[in-house]
Amino acid sequence: MRALARLPLDASAFAAKYGPWVVIAGASEGTGECYARELAAMGLNLVLVSRRKDALVALGEALNAAHGIEYRAVVQDLTEDGAGLAIVQAAADLDVGLYISNAGADNFARFFEDGTAGAHRLVRMNIVTLVDASNGFGQRFLERGKGGLIIMASGAGLGGQPNLAMYSATKAFEISFGESLWAEYAERGIDVIAVAAPMMATPMLLRTVPEGFDISFAYEPADVTHNALAGLLAGEPIQIVPDGPGQEKQPQVEADRKARLVGFVEFNKQFAKG
Ligand SMILES: NC(=O)c1ccc[n+]([C@@H]2O[C@H](COP(=O)([O-])OP(=O)(O)OC[C@H]3O[C@@H](n4cnc5c(N)ncnc54)[C@H](OP(=O)(O)O)[C@@H]3O)[C@@H](O)[C@H]2O)c1
């Protein structure tokens, strides 16, 4: 597995800023499960959302036994109409300090041959559900004066990729959306980070890659999610984990994107409504 240096993370500062409840959309396996495990170890309670109730309950019970946290299992298909609002509603009685938009992967497909049903499902999951859930939780964060949003995007969102037209395009939406919200709310106590995630050895990836594929190129998902949590607390707008062609230039791309955003935060103060 490819090594990734873990960033420092102050667990008690994290829990104080983003607790007591965290909602994870796509929590039963892969990076969603990694988030759940690290957050539970920090003492945060979890709303675990996905399609498989058994998997959510098994994870929640294990984390309750290991760390004494509370959990709620919410069965919701993120590709359905109304999914984002349903998630906000399912956590209406809880003091939520962090929403993690995690699920969002797709299989390789050629666009013209594949029709548009899958494309529309991806738009609903990665765009409509993200927009509705982050708007709903964001309103609550504004009322409580603090909160956080992690958007699991992908390096595929930094530019186009063959066989990933819809995936790449929705991930580009996620990155720009996250950066914009960071610039809009960074000075109002709400932190937002978009993660341009690399290839990670998640169950989804292992089910998808062809036989004989060299998985040693992939990162350990728990390293990537740890750094996303650390990056959120550190106030970073975007995290690009080096991967793929041109990866040696990606730290500079990340720095340039942040500098541009900071410039816009200052520039836009002349238009501020108050
Ligand atoms: N793995 C990689 O190499 C890679 C690379 C770059 C970026 N990413 C990004 O990282 C994130 C996580 O990726 P992943 O590899 O862990 O796979 P994923 O399929 O995006 O996420 C898996 C989790 O999401 C849930 N899920 C999937 N589809 C769902 C749906 N329609 N409704 C509700 N829940 C759903 C699954 O649980 P259920 O089966 O119980 O529903 C599972 O808990 C995604 O946003 C992906 O785009 C991954």
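Guide: Helices here are DSSP runs of H or I with at least four residues, numbered from the N terminus. The model is a predicted one.

Visitor: Which helix gives the most to the shell around the ligand?
Guide: The ligand is surrounded by 27 residues, and the closest are G26, G30, R51, A103 and G104. Two helices, helix 2 (30-41) and helix 7 (203-208), each supply at least two residues of this shell. The most, three residues, comes from helix 2.

Visitor: How do the residues of that shell divide into nonpolar, polar and charged?
Guide: Glycine counts among the polar residues in this division, a point to keep in mind as G26, G30 and G104 are among the closest residues to the ligand. On that basis the shell holds 12 nonpolar residues, 11 polar and four charged.

Visitor: Where is the kink in helix 5 centred?
Guide: Helix 5 covers residues 117-144, and its 28 residues reach 39 Å from the first C-alpha to the last, close to the 40 Å expected at 1.5 Å a residue. Within helix 5 there is nevertheless a kink of about 35 degrees. One of the buried residues of this helix is R124, and the kink is centred on R124.

Visitor: Which helices and strands do the buried residues of helix 5 pack against?
Guide: The buried residues of helix 5 include M125, L130, F137 and F141. Their packing partners are two helices and four strands: helix 4 (83-90), helix 6 (165-185), strand 1 (21-25), strand 4 (96-101), strand 5 (147-152) and strand 6 (190-196).

Visitor: What is the distance between the end C-alpha atoms of helix 6?
Guide: Helix 6 has buried residues of its own, among them Y167, F177, L181 and W182, and what covers them includes helix 5 and helix 9 (250-267). Its 21 residues should span 30 Å at 1.5 Å a residue, and this agrees with the model because the end C-alpha atoms are apart by 30 Å.

Visitor: Which strand provides the largest share of the largest nonpolar core?
Guide: This core has 68 residues, of which V23, I24, L46 and L48 touch the most other members. The largest share of the core, six residues, comes from strand 6.

Visitor: Which residues is I24 in contact with, leaving aside its neighbours within four places in sequence?
Guide: I24 is one of the core residues that touch the most other members, and L46 and L48 are also in that group. Both appear in the list of its contacts, which reads G32, Y35, A36, L46, L48, V49, I100 and N102.

Visitor: Is G60 buried or exposed?
Guide: G60 is found in helix 3 (residues 53-67), and its contacts beyond four places in sequence are L46, L48, Y71 and A73. A residue needs 20 or more other C-beta atoms within 10 Å to count as buried. Because G60 has 23 other C-beta atoms within 10 Å, it is buried.

Visitor: What is the positive phi of N163, which is not a glycine?
Guide: N163 is found in the loop between strand 5 and helix 6. It counts as partly exposed because it has 13 C-beta neighbours inside 10 Å. Although N163 is not a glycine, its phi is positive, at about 65 degrees.

Visitor: Which residues are joined by a cis peptide bond?
Guide: The place to look is at P20, which lies in the loop between helix 1 (11-18) and strand 1. With omega at about 0 degrees, the cis peptide bond joins G19 and P20.

Notes
Residues are numbered from 1 along each chain as its sequence is written. This is a predicted model: local features need pLDDT of at least 70, side-chain atom pairs count only at pLDDT 80 or more; totals for chains, interfaces and linings use all residues. A residue is near a molecule or strand if its C-beta atom, placed from the backbone, lies within 6 Å of it. The expected span of a helix is 1.5 Å times one less than its number of residues. The bend at a residue is the angle between axes fitted to the seven residues ending there and the seven starting there. A residue is buried if 20 or more other C-beta atoms lie within 10 Å of its own, exposed if 12 or fewer, and partly exposed in between; C-beta atoms are placed from the backbone. Two residues are in contact if their C-beta atoms, placed from the backbone, lie within 7 Å. A nonpolar core is a set of buried Ala, Val, Leu, Ile, Met, Phe, Trp, Tyr and Cys residues joined through C-beta atoms within 7 Å.
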